[in-house]
Amino acid sequence: MVRIDVVRAAVALSAALLSGLAAAADPAPRCVPLDNAGAQRCTLPDGSREEFRLDREGRRDGIARAFDPAGTLRSELTLESGTPVGPQRLYDEAGRLQRLSFVTGSRVQVLLGYWPDGTLSELRCAPVSLLP
């Protein structure tokens, strides 16, 4: 059964871009509000950054994007009160779509994986693989 674990791995990858990759003395991200509606941009000393919106409780809400130090989009997650919902996208180092999933409730309903050349590597509907 494909569960929310795949999406949690995507969220962890996004967080890793901001936390584990910095080699500077001060690895804490520097966050700047972009507007009065909760939009934030956090940047690490290595140049990787994440853009997201916070709800009234301080949880990520809406689309959260993570970029590597070169500015390449690495993930685009849809969150509702900090929980993954709807489309979740992961990109490779060149910015090509690597994995696309759609989440409802606590389940990944559809999962598509791509090889670097753009061909389909994985296709699942709920827990069932549709590729041989």
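User: What makes the contact between D35 and R53 a salt bridge?

Analyst: In this predicted model, the side chains of D35 and R53 come to 3.4 Å, N to O. The cut-off is 4 Å between a side-chain nitrogen of Lys or Arg and a carboxyl oxygen of Asp or Glu, so the pair counts as a salt bridge. D35 sits in the loop between β1 (30-33) and β2 (39-43), while R53 belongs to strand β3 (residues 49-53), 18 residues apart; the pair links distant parts of the chain.

User: Why is D35 called partly exposed?

Analyst: Its relative accessibility is 34%. Buried means under 20% and exposed means over 50%, so a value in between is partly exposed. R53, with a relative accessible area of 33%, is partly exposed as well.

User: How do you know that E51 and R41 form a salt bridge?

Analyst: Their side chains meet at 3.0 Å, N to O, and the limit is 4 Å. This pair also links distant parts of the chain, with E51 in strand β3 and R41 in strand β2, 10 residues apart. R41 has 33% relative accessibility and therefore counts as partly exposed.

User: Why is E57 called exposed, and what is R59 called?

Analyst: E57 has a relative accessible area of 57%; the cut-off for exposed is over 50%, so the label follows. R59 has 36% and is partly exposed. The two residues form a salt bridge, with the closest N and O atoms 3.0 Å apart.

User: Which residues do shared salt-bridge partners join into one network?

Analyst: R41, R49 and E51 are joined in this way. The search of the whole structure finds 12 salt bridges.

User: How do you know that strands β8 and β9 pair?

Analyst: Five bridges join β8 (residues 107-114) to β9 (residues 120-125). Pairing needs at least two bridges, so the two strands pair. They run antiparallel, and V110 stands opposite C125 in β9. The two strands form a hairpin with five residues between them, and G118 in the turn has a positive phi of about 95 degrees.

User: What makes up the largest nonpolar core?

Analyst: Five residues do: C42, F52, A64, L77 and L79. A core of this kind takes buried residues joined through side-chain atoms within 4.5 Å, so each member has a relative accessible area under 20%. Nonpolar side chains tend to be buried together in soluble globular proteins.

User: Which residues is A64 in contact with, leaving aside its neighbours within four places in sequence?

Analyst: A64 is in contact with E51, F52, S75, E76, L77 and L79.

Terms used. Residues are numbered from 1 along each chain as its sequence is written. This is a predicted model: local features need pLDDT of at least 70, side-chain atom pairs count only at pLDDT 80 or more; totals for chains, interfaces and linings use all residues. Side-chain values use heavy atoms; hydrogens and water are left out. Helices (H or I, at least four residues) and strands (E, at least two) are DSSP runs, numbered from the N terminus. Buried means under 20% relative accessible area, exposed over 50%, partly exposed in between (1.4 Å probe, protein chains only). Contact means heavy atoms within 4.5 Å.
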